[in-house]
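Good morning. I will take a few minutes to walk through one structure, starting from a single residue and working outwards. Please keep the sequence and the model open while I talk.

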Amino acid sequence: MSFSSDVKEELAKQFSKSRHCQIAELAGMLELDGWANEKGTALDLHSDNFMLIQKYALLMKQIFAVDIHYPLGPDDVKRVLETLKWRPKQVGCDRASSLLLQNTCCRRAFIRGAFLAAGSISDPNKSYHFEIVCTSMPQAAQLQEIMSGFETEARIVERKGHFVVYIKEGSQIVDMLNVMEAYVSLMKLENVRILKEMRNSVNRKVNCETANISKTVNAAVKQIEDITRIRDEIGFDNLPDHLREMALLRLEHPDAPLKELGNYLDPPVGKSGVNHRLRRLSEIADSL
């Protein structure tokens with residue numbers, strides 16, 4: 001199964017003990033994937049996802065003592081809609097009642113229900129992407145507002161007539177898995193993030209070292225070219241003693257770093273002193 005399916009399977013097994021949280025989770029499911037006729041006599045959940053249907057059936061049985069495998073009677077539908085604070089025309093196209101989302105635990109459950117109904121998450125080995133697809137802008141705005149209450153900066157984008165609430169920051173997706181109480185999936189994602197960060201850190205260090213080596217080699221090649229030009233055109237006898245000594249040392253040790261070159265001098269000279277002498281040689285070569 002995909003990582004997204006693993007997350008949903010874990011969430012489908014997560015069952016709130018409080019009735020108010022169960023109602024909030026059911027509201028999240030029906031808000032994103034529910035349907036009711038205008039008379040308020042029929043209610044259904046449009047989904048082929050077995051895990052979602054199973055969780056929906058458990059919640060309906062636990063909260064309302066009804067079996068969704070049999071047609072719900074008008075009285076049962078009315079009872080469900082009244083409990084969820086919905087008018088039929090609102091189901092699946094408007095904001096859920098704020099009365100259902102007053103507690104932090106209920107907001108967690110609502111997000112869990114919404115994700116089970118219309119959410120997905122990409123394989124973290126490839127990319128970081130968490131999203132929930134809403135049917136209207138009010139739905140998306142409400143979901144974004146609830147998620148922001150958990151210090152998550154979700155964004156909204158319109159896609160093919162739907163409004164998608166999404167997160168692309170790995171650490172915030174971890175936070176959202178924690179909010180929905182998908183702890184096993186959270187640990188899997190964290191492990192992937194740690195490995196990625198270690199790999200990126202190693203790559204950065206290797207690239208930095210490679211760049212430094214390349215810079216050092218290029219500088220040494222330029223220095224030797226300058227010294228060779230001075231030797232061939234005016235000779236070392238025309239140089240001051242300290243520059244002549246530096247030129248001979250560089251030719252003798254073409255790969256040595258500046259600090260090592262300084263240690264060969266008598267008396268030893270620091271890195272900045274060596275750099276100053278080589279720069280002076282370069283200026284002489286340029287003047288030629």
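I start in strand β4, where F130 is found. Before going further, note that this is a predicted model.

Is F130 buried or exposed? Its relative accessible area is 0%, and the cut-off for buried is under 20%, so F130 counts as buried. Which residues does F130 touch, if we leave out those up to four places away in sequence? The list is F115, S120, I121, M147, V165, Y166, I167, I173, M176 and M180. For a distance across the model, take C21, which is 109 residues from F130 along the chain. The C-alpha atoms of F130 and C21 are separated by 23 Å.

One of those contacts deserves its own slide. A pair of aromatic rings is described by the distance of the centres and the angle of the planes. How many aromatic pairs does a search of the whole structure find? It finds 1. The pair is F115 with F130, and it is stacked, with 5.1 Å from centre to centre and 10° between the planes. Why does this pair tie together parts that are apart in sequence? F115 lies in helix α5 while F130 lies in strand β4, residues 130–134, so the pair links parts that are 15 residues apart in sequence. Both F115 and F130 are buried.

Next, the core. In soluble globular proteins, nonpolar side chains tend to be buried together. Here the largest nonpolar core has 61 residues. Within this core, the residues that touch the most other members are L26, L43, M60, I111, F130, L143 and M147. So F130, our starting point, is one of them. Which helix gives the most to this core? That is helix α5, residues 104–118, with 9 residues.

Look at L143 as another example. Not counting residues up to four places away in sequence, L143 touches F110, I111, A114, I132, C134 and V165. Another core lies apart from the largest one. This other core has 18 residues, including I227, L243, L261 and V274.

Now the charged side chains. Side chains of opposite charge can pair when their charged atoms come close. How many salt bridges does a search of the whole structure find? The search finds 12. I will show three of them.

In one, the side chains of E9 and K13 meet, at 3.8 Å from N to O. E9 is partly exposed, with a relative accessible area of 29%, and K13 is exposed, at 64%.

In another, R193 pairs with E190, and the closest N and O atoms are 2.7 Å apart. Both R193 and E190 lie in helix α8, 3 residues apart, which is about one turn of the helix. R193 counts as buried, at 14% relative accessibility, whereas E190 counts as partly exposed, at 24%.

The last of my examples is R231 with D232, at 3.2 Å from N to O. R231 has 40% relative accessibility and counts as partly exposed. D232 has a relative accessible area of 54%, and over 50% is exposed, so D232 is exposed. There is also a network: salt bridges that share partners join E25, K55, R112 and E181.

Back to helix α8, residues 183–233, which also holds L195. Together, I194, L195 and M198 make a nonpolar surface patch of about 300 Å².

Two serines remain. Where does S4 sit? It is in helix α1, residues 3–12. S4 counts as buried, with 12% relative accessibility. Leaving aside neighbours within four places in sequence, S4 is in contact with G119, S120 and I121. S120 and I121 have come up before, since F130 touches them too.

And S97? This residue lies in the loop between α4, residues 74–83, and α5. At 14% relative accessibility, S97 counts as buried, so lying in a loop does not make this residue exposed here. Leaving aside neighbours within four places in sequence, S97 is in contact with L84 and K85.

To close, go back to F130: it is buried, it stacks with F115, and it is among the residues that touch the most other members of the largest nonpolar core. That is all I have.

Notes: Residues are numbered from 1 along each chain as its sequence is written. This is a predicted model: local features need pLDDT of at least 70, side-chain atom pairs count only at pLDDT 80 or more; totals for chains, interfaces and linings use all residues. Side-chain values use heavy atoms; hydrogens and water are left out. Patches are made of residues with over 30% relative accessible area and no salt bridge: like charges are joined within 9 Å, nonpolar side chains (Val, Leu, Ile, Met, Phe, Trp, Tyr) within 5 Å. Accessible areas come from the Shrake-Rupley method with a 1.4 Å probe; for residues, only the protein chains shown count as cover. A salt bridge is a side-chain nitrogen of Lys or Arg within 4 Å of a carboxyl oxygen of Asp or Glu. Helices (H or I, at least four residues) and strands (E, at least two) are DSSP runs, numbered from the N terminus. A nonpolar core is a set of buried Ala, Val, Leu, Ile, Met, Phe, Trp, Tyr and Cys residues joined through side-chain atoms within 4.5 Å. Buried means under 20% relative accessible area, exposed over 50%, partly exposed in between (1.4 Å probe, protein chains only). Contact means heavy atoms within 4.5 Å. Rings of Phe, Tyr and Trp (its six-membered ring) pair if their centres lie within 6.5 Å; planes under 30 degrees apart count as stacked, over 60 as edge-to-face and the rest as tilted.
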